[in-house]
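Here is a walk through a few spots worth a look, from empty pockets of space to packed helices. Keep the viewer open as you read.

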Amino acid sequence: MSIGHTLLGLLESGPRHGYDLKRAFDEKFGHDKPLHYGQVYSTMSRLLKNGLVEVDGIEAGDGPERKRYAITEAGITDVGRWLASPEKPEPYLTSTLYTKVVLALLTGRDAGDLLDVQRAEHLRMMRALTERKRKGDLADQLICDHALFHLEADLRWLELTTARLGQLAKAVNA
Amino acid sequence: MNNPRTWTRDLGLGMRFAVTGGREAWVRTALTAIGVGLGVCLLLVTTAIPSALSSRDARGDARNDTRFAEKVMPAADDTLVVSAVDTEYRDKNIRGRLVAPDGPKAPLPPGVSAYPKPGEMVVSPALAELLESDDGKLLADRLPDRQVGTISDTGLIGPGELAYYAGAEKLEPTGYPTERIDHFGPAQPGQDEFDPVIVLLTLLVFVVLLMPVGVFIAAAVRFGGERRDRRLAALRLIGADSRMTRRIAAGESLAGSLLGLVLGTGFFLITRAAAADIEVVDVSVFPADLDPSPALALLVGIAVPASAVAVTLFALRSVVIEPLGVVRTAKQPRRKLWWRLLLPLGGLALLYPMIGQGRDGGRFNEWLVTGGVVLLLVGITALLPWLVEAVVARLGRGSLSWQLAVRRMQLSSGTAARMVNGIAVAVAGAIALQMMFAGVEGDYTNPTGQDTSRAHMEVHVPDSERAEQQARETRSRLQQTRGVTKVSEPLMTASVAERPKDADSNALAHIGSCNALREIAKLPSCKDGDVFVIPRSKDYGDDTEAARLAKPGKRLYVDPMNNRFHGKNPAWELPAKIREVTPRKSPDGYLNTGLLATTGAVPADGLPIRSGAIWVNTDGSDPDVTERVRNAGAAASPLTEVYVYAADEETERFASLRTGLYVGAVAVLALIGASLLVSQLEQLRERRKLLSSLVAFGTRKRTLSLSVLWQTALPVALGLTLATVVGITLGSVLLKMVSRPISPDWTSVGAMTAAGAAVVLVVTALSLPPLIRLMRPDGLRTE
Amino acid sequence: MIPAGSLLVAEGLRKTYGPTTALDDAGFSIHAGETVAVMGPSGSGKSTLLHCLAGIVTPDAGTIHFDGRELSAMSDAERSALRRSEFGFIFQFGQLVPELTCVENVALPLRLTGTKRKDAERRALGWLERLEVDDVAAKRPGEVSGGQGQRVAVARSLVTGPRVVFADEPTGALDSLNGERVMQLLTEAARSANAAVVLVTHEARVAAYSDREIVVRDGRSRDMEHAV
């Protein structure tokens with residue numbers, strides 16, 4: 001995801017300090033990995049340079065950074081454009097897994113085993129996500145579901161490939 | 001859109017579905033066709049019965065040879081003497097004739113191509129078969145003449161009839177049973193009028209038996225209805241409107257019922273061909289005689305398919321077929337009672353005016369009777385759904401199997417009621433009729449008065465001058481007959497008068513040993529040579545002739561009526577002392593009057609006495625003894641008659657009606673049982689998945705089997721209750737109509753209820769194997 | 001290979017239906033309170049495995065032990081009694097008796113074990129409450145939604161306090177939202193009742209509610225715990 005656009009979007013509801021921004025981000029989107037302070041400041045300075053935000057004021061004090069940021073007209077336009085443009089669906093055409101399977105077949109290793117191990121790994125992840133979903137709030141559930149659906153898609157691919165291993169082996173070794 | 005063309009199109013479409021819809025559609029169509037076919041067959045047989053009976057009568061008339069003429073016809077080239085020597089063999093009547101043509105031009109009886117010579121006989125095919133079989137050995141002893149031909153169908157009233165014509169050397173036509181005739185055919189056209197009560201009963205038997213057949217046909221066109229509805233839903237999805245689907249459904253039933261007509265005609269033809277081998281109450285019918293009257297057959301041919309369409313449209317009236325499935329208008333309004341009561345009340349109203357009109361020349365309006373009975377019985381089919389709904393809605397408590405059954409019926413009480421409509425109608429009708437039978441039984445079952453504790457049989461030596469000698473011969477034959485435990489001394493009877501020729505004032509003289517005389521009179525003392533007189537008895541009143549003739553020393557002449565002795569009749573002078581005695585009931589149940597003479601009191605050379613009776617006691621455990629006694633009698637003279645005594649006897653027509661009703665009711669119940677079974681199996685098949693899952697979580701087979709039993713038993717119990725009420729009501733009204741006291745015939749109520757219950761048990765038993773098969777876990781497999 | 005202390009253990013199961021082999025040396029084990037998913041492609045023998053484990057179908061070869069008792073040595077009546085008292089069942093569809101109300105459906109297994117009607121229905125209502133469908137208690141299955149019907153089925157499978165619940169594609173006929181909810185309620189209820197769940201499914205997201213999964217392919221089972 002674009003952190004720059006996300007921070008910019010958070011500013012639209014009103015000017016904030018860098019520290020506030022980080023906290024808001026963590027709360028809403030950063031469930032797994034909180035933002036690093038440095039990341040925030042470097043991103044803000046890039047946005048500042050591009051004219052998408054401006055410094056709303058500097059508070060006196062002894063902290064390292066007391067700058068308050070506000071979004072500019074150009075920033076608002078930019079957020080709008082970002083939200084409006086669809087994400088490119090990822091085709092996953094050259095996945096690592098595929099490479100591994102083909103390599104296993106080429107080198108005479110047990111590709112079925114490889115797929116089963118991967119399958120177990122996927123399901124373990126899915127189980128963890130499901131458990132989290134069970135305990136979490138709506139936001140947790142939605143985020144976990146997104147991941148679960150992706151993993152499920154992978155898993156279906158794993159099943160399909162397992163069922164077609166014989167066919168694939170013939171094609172690869174031809 | 002509602003024009004004939006769309007009708008034809010949709011009906012045609014439905015008919016096509018019925019035959020091209022794959023295996024399932026075929027099964028459904030076949031079930032309907034078989035059901036309708038059975039009904040049609042029964043209907044066709046019924047329509048053919050009147051013509052079959054009239055053909056029988058016509059042939060019976062054509063071969064008639066009894067005249068009961070007062071004067072003997074003179075012998076001529078074209079006359080013959082025929083003697084009726086009918087006999088019985090193991091409950092079967094055998095028509096026997098001795099024939100002696102007077103000249104070469106004597107007419108031949110129908111079905112006979114040449115007269116048998118003395119010692120020869122022509123026999124009916126059935127009799128020939130019986131004589132050849134092991135079963136007929138005893139009869140062959142009685143009819144030892146050589147068979148020289150068979151009687152063809154024109155000379156028989158039915159294929160199973162036992163009959164023969166035997167040649168005789170010389171027969172003396174002394175009046176029935178031996179007469180001289182110059183042609184075969186009806187003596188006089190007079191036909192005996194049917195008793196109105198018998199007509200009423202016959203009418204009712206037909207109505208009562210045919211009503212359930214109608215109900216059955218209505219049920220048959222609905223076989224597999226639920227699956228069909230689902231198929232129709234699919235049609236709605238692709239754009240058929242609801243009226244169209246109904247017409248298509250009607251078309252499917254139409255196909256089934258048309259096929260049923262074809263099948264029914266086939267069944268009928270089979271039945272007809274088999275008719276020759278079927279014998280009901282001693283009556284068999286030639287296949288050729290079983291010819292439905294064209295008008296009635298046409299009516300069947302039109303009414304059956306038409307009612308199939310009507311029933312289907314009527315049944316679908318509460319079903320809404322939506323594109324995505326079938327909605328049986330779930331929350332149906334509670335059934336209303338008032339219009340359902342109109343039918344039976346209307347029936348009672350039709351019957352009411354005829355109350356008390358029975359007997360004594362009274363006539364019933366056949367239309368009113370039929371209409372009233374039909375309305376009453378149809379009323380059952382209207383009342384039963386209401387009753388089932390009302391009762392089932394109040395049930396609930398009980399075991400699990402009970403709960404499952406009750407809940408199912410609450411959901412669709414109509415199906416349950418429909419299933420048993422037929423049974424209820426049949427049982428109600430049968431109960432009413434049995435009540436009627438029981439009520440009028442006194443009229444038709446005659447207590448004979450015969451005293452079976454004194455004698456089991458009477459061997460009657462026929463009228464002839466050789467009677468006394470024949471009686472002695474018969475007696476010695478009987479004494480040598482195996483199984484005979486006691487043979488009475490013969491009691492001979494002659495008529496006597498003052499003058500040799502006197503047809504008007506004569507009396508009977510009973511002649512025999514003291515022991516023989518004691519069979520009919522109470523004799524304080526008796527020795528050979530005594531003469532007594534019984535001047536009066538309860539049965540005959542005052543025998544003035546006997547009293548007048550019983551004067552000491554009076555000269556009496558034997559056989560004053562026939563003038564066979566041309567005035568030179570043997571005479572008998574009465575002794576000086578004649579004692580008056582009182583009668584004793586004779587073994588045949590009568591109190592006789594007349595002169596009684598011991599053998600020593602009549603001339604030593606014997607009076608040419610006219611007839612005699614010998615009473616025989618037999619070992620009841622020997623089944624063949626009756627036949628042996630008959631053989632012994634026949635060996636002495638073919639004209640010997642043997643009577644088997646019984647405490648009472650029913651008139652024959654009545655007995656066959658009653659048997660007909662029993663047979664018919666059982667056949668109808670079996671038919672209905674079959675339709676119950678079909679719908680039960682269909683229901684089970686539809687619940688296959690559910691049954692499997694119930695078994696998965698450990699439901700006992702017993703629980704499910706019991707719930708199937710309840711599901712059948714409960715509606716049947718309600719149906720039988722209603723049937724009993726209506727049946728007793730109808731029976732009471734009918735008895736009132738013939739002015740008889742009303743008393744419910746509980747035995748027949750019990751019997752019919754038991755028959756209904758038996759149907760339930762059989763249906764449940766037969767649906768258990770498929771149920772158990774369906775309960776296997778295979779039903780859970782989805783792949 | 002078979003963990004000690006298992007509640008239900010099967011080894012070397014074989015089962016053929018005519019020419020088709022449904023199970024070919026399959027094994028299985030489950031602990032008390034554990035949820036195990038049985039996955040695999042259609043026709044792989046998942047359902048047959050479940051039917052064997054539940055004593056609905058007798059395998060041609062192999063042993064099944066429940067709580068130390070050998071299933072194949074039991075009579076049909078004994079196995080039925082076991083299913084009534086120790087097992088619960090949920091199927092994809094067609095399992096609720098259409099003419100009984102929902103509460104009567106849930107009370108059904110209790111009544112099979114001889115519980116009085118009133119008592120059975122009181123307990124059934126409690127389970128309907130736990131599964132948040134007490135509002136449909138008096139309705140017939142035909143009048144409730146698919147999700148509600150499945151929750152009624154879950155309540156029914158748990159009402160007798162079974163030690164093992166067999167669920168064959170319990171969410172197969174539901175959309176994902178309803179399916180998830182049913183799975184959540186099922187696994188939570190089973191966990192709190194310490195009931196083991198044998199969960200046959202082909203959906204990974206449903207299987208993710210399990211503690212562990214085995215995969216059945218061509219009648220052979222593979223415990224994925226040991227795949228890694």
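Which helix of chain B gives the most to the lining of the largest cavity? Helix 19 does, with four residues.

## Ground rules

This is a predicted model, where local features need pLDDT of at least 70 and side-chain atom pairs count only at pLDDT 80 or more, while totals for chains, interfaces and linings use all residues. Residues are numbered from 1 along each chain as its sequence is written, chains are lettered from A and ligands numbered from 1 in the order in which they are written, and side-chain values use heavy atoms, with hydrogens and water left out.

Helices (H or I, at least four residues) and strands (E, at least two) are DSSP runs, numbered from the N terminus.

## The largest cavity

Rolling a probe the size of a water molecule over the atoms shows where empty space is left. Here a cavity is a set of points, on a 1 Å grid over the protein atoms alone, where a 1.4 Å probe fits but cannot get out, and lining residues have an atom within 4 Å of a point. Grid points are joined across faces, edges and corners, and a volume is the space filled by probe spheres set on the points. That rule yields four cavities of 30 Å³ or more.

The largest has a volume of about 130 Å³. Its lining holds 15 residues, with B:Arg687, B:Leu691, B:Leu704, B:Ser707 and B:Gln711 lying nearest the centre. Helix 17 (652-686), helix 18 (688-696) and helix 19 (701-737) of chain B each put in at least two residues. By class, the lining splits into nine nonpolar, four polar and two charged residues (Ala, Val, Leu, Ile, Met, Phe, Trp, Tyr, Cys and Pro count as nonpolar, Asp, Glu, Lys and Arg as charged, and the others, Gly among them, as polar).

## The second largest cavity

Next comes a cavity with about 60 Å³ of space. Its lining brings together B:Phe697 with residues of chain C, among them C:Arg83, C:Arg84, C:Phe87 and C:Arg156. Helix 2 (76-85), strand 6 (87-90) and helix 5 (146-158) of chain C each supply at least two lining residues. Strand 6 of chain C gives the most, with three. The mix here is four nonpolar, three polar and three charged.

## Inside chain B

Chain B has 20 helices and 26 strands. Of its 783 residues, 51% count as buried, meaning under 20% relative accessible area with a 1.4 Å probe and protein chains only. Take contacts (heavy atoms within 4.5 Å) between residues at least 6 apart in sequence: in chain B, 82% of them join residues at least 24 apart.

B:Gly727 sits in helix 19 of chain B, and its relative accessibility is 0%, so it counts as buried. What does B:Gly727 contact, leaving aside its neighbours within four places in sequence? The list is B:Ala428, B:Ile431, B:Ala432 and B:Met435. B:Ala428 is 299 residues away in sequence, yet the C-alpha atoms of the two are 4.1 Å apart.

Over in helix 8 (residues 294-315) of chain B you'll find B:Pro305, buried with a relative accessible area of 8%. Beyond its neighbours within four places in sequence, B:Pro305 touches B:Leu254, B:Ser257, B:Leu258, B:Leu261 and B:Val300. Helix 3 (residues 125-132) of chain B is worth a stop too, with B:Ala126, B:Leu127, B:Ala128, B:Leu130 and B:Leu131 buried. Their cover includes strand 3 (92-101), helix 4 (137-142) and strand 6 (162-167) of chain B.

## The sheet in chain A

Chain A has an open sheet of three strands in the order 1-3-2, with antiparallel pairing (two strands pair if DSSP finds at least two bridges between them). Strand 1 (16-17) and strand 2 (53-58) are the edge strands, each pairing on one side only. Helix 1 (residues 3-11) of chain A packs on this sheet and touches strand 1, strand 2 and strand 3, its direction making about 90° with that of strand 3. Such angles run from 0 to 180 degrees between N-to-C directions, with axes fitted as lines to C-alpha atoms, for helices over the stretch in contact.

Strand 1 and strand 3 (residues 67-71) of chain A pair over two bridges in the antiparallel sense, and A:His17 stands opposite A:Arg68. Helix 3 (residues 37-49) of chain A lies across strand 2 and strand 3, at about 115° to strand 2.

## A hairpin in chain C

Strand 1 (residues 8-17) and strand 2 (residues 20-30) of chain C run antiparallel, joined by eight bridges. C:Thr16 has C:Thr21 as its bridge partner in strand 2. Two residues lie between the strands of this hairpin, where C:Gly18 takes a positive phi near 60°.

How values were computed. On a 1 Å grid over the protein atoms alone, a cavity is a set of points where a 1.4 Å probe fits but cannot get out, and a pocket is an open set with protein on both sides within 12 Å along at least five of seven lines; lining residues have an atom within 4 Å of a point. Buried means under 20% relative accessible area, exposed over 50%, partly exposed in between (1.4 Å probe, protein chains only).
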